[in-house]
Structure formats: structure tokens, C-alpha cells
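I opened this notebook to record what I looked up in one structure, entry by entry. Each entry takes up a single topic.

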Amino acid sequence: MDPYRLPRAVVPTRYDIRLEPDLTALTFRGEESVAVTVAEPVTEILLNAVDLAIDTVELVNDAGRRMAGTATLDEAAERCRLAFADPVPPGAWRLRLAFRGTLNDKLRGFYRSAYKDAAGTSRTLAATQFEATDARRAFPCWDEPAFKAVFAMTLVIDPALTAVSNTAIVSATAEAGKRVVRFADTIVMSTYLVAFVVGELEATEPVRVGATEIRVWCTPGKRRLASFGREIAAASLAFFEDYYGLPYPGDKLDFLAIPDFAAGAMENLGAITFRETALLVDERAASHVELERIADVVAHENAHMWFGDLVTMSWWNGIWLNEAFATFMEMLAVDAWKPEWQRWTTFGVSRAAALSVDGLHSTRPIEFPVRAPREADAMFDVLTYEKGAAVLRMLEQYLGAEVFRAGVRDYLETHRFGNADTRDLWAALGRAARQPIPEVMDGWIFTAGYPLVTARREGEVLVLAQRRFNYLPEPPPPARPEPEPRWQIPVQVRMLTPGGAETRRVLLADSEARVPLPAGTQAVVLNEGGHGFYRARYEGPLRDAVVARLQALTSIERFNLVNDAWAVTVAGHMALDDYLDLTARFRGERDKNVWSALAASFHALNRIVNPSDRPRLEALVRDRAAPALAELGWSPRADEDELTRQLRADLVRLLGTLGNDPAVQRRAGELYSAALTQAHAVDPNVVPALIAVLAHAGDARRYTEFLERFRAATTPQEEQRYLYALAAFQPPALVEQTLARTVNGEVRTQDAPFVVRTMLSAVHARELAWAFVKSHWDAMDRLYPKQGLRRMCEGVIGLATPTLEADVRSFFAERAIDLGGKTLQQYLEQLRVAVALRQRAGDALAKYLARFA
Ligand SMILES: [Zn+2]
């Protein structure tokens, strides 16, 4: 028997669940009656349960037969075995269970979240987080996505509290001093999508989209921060009803901000839960980046109502399809809502993050066989979300948006209320496109890595060649290299001629393709439009030709030019001098994403530069970025778009921190004081940058001030700005203080691991932070949500000295730490890449920087 899949001899069709949480004792009691179909005589029933005590077990049928059973829990297997003295005859039965549990503080299952109310008093609310396999912590169930059933919840609560669940309330009655709240039946759905929240909650007025009422819920006093979230909630719901051609599948739609939440958000049907920063915001005081985050997350979760909730993956290997698709749809919806945000251009940053992990030998295919659900935990990463979304976008562009949408509609229509796999989506897209999809897509989904496409010119012919991109050379035997993988790459090339430009679409399926050039071609632009999930490298004169014509490139093309050039530099295929010369061509750049690519490479250099050369690196950063800020000025012009405003802020941050520019730091101090006294004296995009700059240059007095502001913050965004500012102060005593706050309860466990990650990758703090992680590992392992701990460890990539690298490797090896999947191997390989760059190009960097003496 498969130890990870429940037998199908007994299958649930409906759960009637009654739960009574006690927010003072931090416990809950429950009863459930599960309608099951018994297919063959059984003497035992296996289902999932963990951290629950099961008090009574009984089977009843319509004929009035009763069979009592006993429950034995296998905590390690997270299973419960119900045994019956006599065989249970086949047919329809009701399984009745009574059970008890604890409202835990691990942010999973049925858990507690603590917050302070407006008067500063501590309050508790109870919330759920079930994906992937934690519904079994709240009620015994068949906790696999393919066991879909109807859920009918009843919550018995303190009358002063409010309860929200997946569906609308059908009745609320008083009973023995309690309020009994009954919810309508859900659609047929998976256990991981069940949700309930109990606490002091307030909601916005509803808005209606089609037949659906939408509300945003939060703890009291925060409703003023809900309107932006509600706006994108309504806009994206309308967008998806139109795109999918199917109405929203639930009966109402609530968006709930939970003070403690491990992930960003969770797509429970009809009751989507969020961490506060991903839903609540003061729109007038927020930066573009902060608003974009909320729009993204809300749209993403809404996309799941169909893709994930209505049609669900059969097993956890299908997580990618769920998440990649929701990420792709999130982009489409936000792009339609705010075209001026150029969301697909900014998606280049996400694609770049996936390209950097996928360029490792320790990467993995997007989809791979999963036996234990635990193996899927590590799937919630950039390869699933960002690479997945990027290859779907590539496919959409290749097939055409209309054909792609027709295939998606076919898929949802065919599989609604059921489960489906990757091949089902390919089949539906193939029907719409009248061509086989697996041939093109399997290489992207089932093969690890991606190609480097090299272009060279032979007279009037463009020669395109592909091979796998890796940062590090192939590992030596016995890790024998597999046969060189090949991708079917939709390559879009623009040829620039004196008369204009011409686009060619080539499916590069072999190792090489030869493309005739139009007469007089002066330059070519690979990956036109930037949708391809590959890197481009121009050989010899082709590179000079394209660099000489930057103004003929779109912003995503310039972004890719910088990002790919940096990657091939790190991989050793381009001289560091050439890359640094290239960055000098971008002094006139005015796109915030291109600047983010440049800044990322400067940060990487900062982590490997000799400390004595650091002032010269700071000078290089000022040399590149100062002209752009000087031209933009510190105040927005009336007709300026939101992206330019965000660019100004990014430049201030870059110059004031990595550039260590005293003039920028001084000006930041003045403007920050002005912003405190006059609410709108400073553009809201710039305020977070000012805080970051002042922390970077700040002393103990400033630290105390920012700590107070962190504690007194009135919006989630303000709290985050000051929290991360505490990680940026350079004096060692202040570094120590912030580190101490990550384990003493002052910083929420949903945030603490990310603060530590930031400090591990910051040059000023990394050694102290690493020592702290080593000495507090057990406490962190106990306190933090497990995905938090995993994300924290990503910070080790910043420990880019040979000595630290050796120490990191021995720590993880001695402790036999497993972060799930290939996560740890990927972090260690990324660290190796950084140290290898230091060893290979360190001298060249020092020599180059000498000119900034
Ligand atoms: Zn998702």
C-alpha cells in the first residue's frame, strides 16, 4: 500500500462539521458527521488526523444500524485508523466523530493570531491555513486534493465575536450563552480550501460583481485601509468572469486580513486569507511597489477561485499548474486594470529571479513526480510561480492570446468540480490551437534548466545556437553529464535596418538555426518583447551593434540586455570590465526595472569586493546613478507617471545606501523631517527610501526613534518599512539588538525569518547574523513557521567569502539540516557561484575600481 495515499474503499462526499473554539483556553472541540460511500466490506477506515484527540467513533446508516469504532492515531504518518469489530457492509454511511485540539501558534491548521487593539490590549483571533496538508490538524478528513466533497460548517462562538467561513451564513442562533453560526454548503471542493476565522472582525460595505458580494475583513480600526484591496478585488473578479467565461463558483467572496499569516495569502474558496501587508493599505501614503504588491496578491488569489478551487490538481505534483497559472492570470488582470503600471515589463524582474535559480545544476524541473506531500512543500518557490508563469506567457504569445484563452475555457469547462493534470491542460490548449502542445512545452516543464541562445553573424546570415545555461562548469565525473538537453524555443528576433525594423519568429528546435538577414541589417535584437524564458548572448560585433542602439530597444529588452549580460559575466563568459563598461551606457536610463537589474549587479559586487575597495565601488555606483537622479530631481513633476516616481525613490535608495552619497543622505534627513510634520510634503513613493537611507547612515538615537515608530505604526506598510530599517543600521551593537528581537517575540514570527534573511545578505550585518543563526538555530526552528525558516536560509547566499562559505557548509552538514526538496543545495550552489566570481574576477574588479580612487 502507498504510505502517502489513502485507500479508496471508503470515500467521503459530504462533511457536516461543528467546531467550538475557546479563544481564552486556546483549545477547540469538534464534531463531524461525514457522509461516506463504502465500496467494499472493511473493518477499518483510514483517514488523516494529527495533533487531535478523537473521543468517539460511530458509523450509522439510514436503516438505523450503528457501529461503534475505536480510533488509533499514528502521529508520524498523520493518520488515524478507525477500527470496527465487524466488517462494515458496503453502502452509504455517516461517520460520526467527536474530537478535540489546540489553537496552536505555528500558523498552520487551526491556529491563533495575537494582536493589540487600539487601546493597546492584547487580543486573540483564530484562523486557519490548510494548504498543503494541515486541514487534518483541524478536523479528521481525507486530506488529499482528489477527495473532493461538500462542506457544511457550523461554528459555535462567543456572541461578542464574528465568524467567517467559505460560504454565506444561513442562520445564527443563541444556544447556552453561545452563538451558533451555520454556513451554507460549499461547492464540491478539496479539504485544503476549507477556511474559518473567528474573532473581533469588522468588514467593509459590500460591493457587488455580477451575483457576488465582496467584502474586506480586518481587525477593528483598520477598515479605513481596505478600500484599495476591495477595488482590485472587484476589478479582478470581473476580469476573470469574463476571461474564463464562467461565473465565480462561490456564493459570496470575503477577503480577510490576518495579523499573523505565514504565507502571503491563501485562496480558500469564498474566504481568502491574507497577511495584512498584502491586503490593507493607506492608498495615499503608499508607494507604487506597496500598492502593486496588493494588486498582485489579490488578483492572484481571485484567479485561483477557478484555477485551483473549481478545477484542482489531482495530486501535489500539480502545484505548479495551480500557482504558475494564478501568477500568469494575476499579471493579465493587473495589466488590464492599470495598463500604465506596465505589469508585464516589471514581470521581467520575476522572470530574472527564476532564471537565476534555474541556472544552477541543483535546479529541478517545474513538474516532477511527488510521492510524499512533504516533497511538495519545497515546490512553493520561484520555479513553480515565476518560471511557471513565464513559460505560460511564452506559450500564450506563441499560440496567440485568443487561442490560449479558448483552451483555458475548454479546460475549466471540461474539469469543473473535478481534478486535472498538466496533460489535461495541454490537451485543451491543443484542441484550441489545432497543434500538439506537449512537443513544445514538455522541455520547459519536465526538463530542468533553460537555454542560452547565442547569436553570431556570418555575412548576411544570423546563426542562432542553443545550449543549456549554467553559472558553474559541469560537475566532474562521476556525476556524468546527461545528454545535452534541447528546447523548442520560440525565438522572436528584430532586425534593425536603416529603413526601420523587421521581426522574425523562429522555432529553434535543433542545436542551430540559420536565419537570412534583410539587406543592410545593422543590428539584431534577440528575444523581442522579452517573453522568452532563455538568455541571449551576442557574439562580437552583434553586441557592439545592439549596445550602440539602446534607444531602439523597449524597456523590457534593455532590462534583459543588462540582466543577461550580468549572468554571462557571473558564468565567466564575459569579462567583468566589459560588463562594467556596459553599465556606463545606462546613465541616461529612465526605466525603474532596468535600474533594478543594474542595482542587483552592484549589490552582488558589494558582497564580494575587498573591504578596502568598497569606497571605490560606492564611487562607481554614484558615477552611474547620480546623473539620473540629478535630472529627475527630488520632487515629482505634475505630469509624471507612477513608475517614474518609483524610479526616483529607487535611485535615492541606491545612492543613499550602496552609493553612500553624503549629499543624498543629508537631503534624505531634511525631507524625512518635512514628511513627519506635513503629511504630503514628500511624494509617498520616496518616503520608504528616505527611511532606508537614514537607517543605513543612522546611529543609536535614530535607531531608538525608528524602533518607536515600528511599534506605533498605524499601517502594515509603515510597520514593514521601520522593521526592515532596523535591520539596516550598521553599528554592531544595533545589529545585535535587531537580531535579538527576531527571537524574543518583539517581531512577529511571520516576519522575523525575513528580517534575518535580509541581515544575512547585508554586508554590514552578515557575520553577526550568521553567528546569531548558528547559536539560535534551535529556537528559530521551534518558533518560526517552517516555510519561514526555509526562506531565512536563503540569506546564506550573501555570505560570499571563502571562509564563511566553508563555515556555512559545515554547519548545515553537521546538523543534517533538510529544508525540503533541493532548496538547501540551491542556496549552497548560489553561494558557490558568488564565491567563485570573487575568486575569478576579484582582481579584475579591484583593477577596474582603481579608476575611482
Ligand atoms: Zn497561489
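The entries below go through the metal site, the aromatic rings, the cysteines, one histidine and a set of strands.

**Entry 1. Model.** I noted at the outset that this is a predicted model.

**Entry 2. Zinc site.** Which residues coordinate the zinc ion? I found His300 and His304, each through NE2, and Glu323 through OE, at 1.9 to 2.1 Å. Along the chain, these donors follow the spacing H-x3-H-x18-E. I then placed two of the donors: His304 belongs to helix 2 (residues 288-304) and Glu323 to helix 3 (residues 319-337), so the pair, 19 residues apart, links distant parts of the chain. I recorded both His304 and Glu323 as buried.

**Entry 3. Aromatic pairs.** How many aromatic pairs does the structure hold? I recorded 41. Among them I looked up Phe325 and Phe328, a tilted pair at 6.0 Å centre to centre, with 55 degrees between the planes. Both residues lie in helix 3, 3 residues apart, which is about one turn of the helix. Phe325 counts as buried because its relative accessibility is 0%, and Phe328 is buried with a relative accessible area of 0%.

I next looked up Phe706 and Phe729. Their ring centres are 5.9 Å apart and their planes stand at 75 degrees, so I entered the pair as edge-to-face. Phe706 is in helix 18 (residues 700-711), whereas Phe729 is in the loop between helix 19 (716-726) and helix 20 (732-741); the two are 23 residues apart, and the pair links distant parts of the chain. I noted Phe706 and Phe729 as buried.

I also entered one aromatic cluster, formed by Tyr15, Phe28, Phe110, Phe130, Phe139, Phe151 and Phe196.

**Entry 4. Charges over rings.** I looked up two arginines beside aromatic rings. The charged end of Arg393 sits over the ring of Trp344, 3.8 Å from the ring centre. Arg535 lies over the face of Phe469, with 5.0 Å to the ring centre.

**Entry 5. Cysteines.** How many disulfides does a search of the whole structure find? The search returned 0. I checked Cys80, which is in no disulfide; its nearest cysteine sulfur is that of Cys141, 10 Å away. Cys80 counts as buried because its relative accessibility is 0%. Cys141 is likewise in no disulfide, and the nearest cysteine sulfur to it is that of Cys80, at 10 Å. Cys141 is buried, with a relative accessible area of 0%.

**Entry 6. His531.** Where does His531 lie? I located it in the loop between strand 28 (523-525) and strand 29 (535-538). Is His531 buried or exposed? At 18% relative accessibility, His531 counts as buried, because the limit is under 20%. Leaving aside residues up to four places away in sequence, I found that His531 touches Arg351, Ala390, Arg393, Met394 and Gln397. Arg393 in that list is the residue whose charged end sits over the ring of Trp344.

**Entry 7. Strand 4 and its partners.** I traced the pairing of strand 4 (residues 52-60) with strand 7 (residues 91-102): the two run antiparallel and are joined by 8 bridges. In this pairing Thr56 stands opposite Ala98 in strand 7. Strand 4 also pairs with strand 5 (residues 66-74) in the antiparallel sense, over 4 bridges. Here I noted Val60 opposite Arg66 in strand 5. Strand 4 and strand 5 form a hairpin with 5 residues between them, and Gly64 in the turn has a positive phi of about 90 degrees.

How values were computed. Residues numbered from 1 in each chain as written. Predicted model: local features only at pLDDT ≥ 70, side-chain atom pairs only at ≥ 80, totals over all residues. Heavy atoms only, no water. Donors = N, O, S within 2.8 Å, 3.2 Å for Na, K, Ca; no water. Buried < 20%, exposed > 50% of the residue type's maximum accessible area, 1.4 Å probe, protein only. Phe/Tyr/Trp six-rings, centres within 6.5 Å; stacked < 30°, edge-to-face > 60°. Lys NZ or Arg CZ within 6 Å of the ring centre and 35° of its normal. Disulfide = S-S within 2.5 Å. Contact = heavy atoms within 4.5 Å. Pairing = 2+ DSSP bridges.
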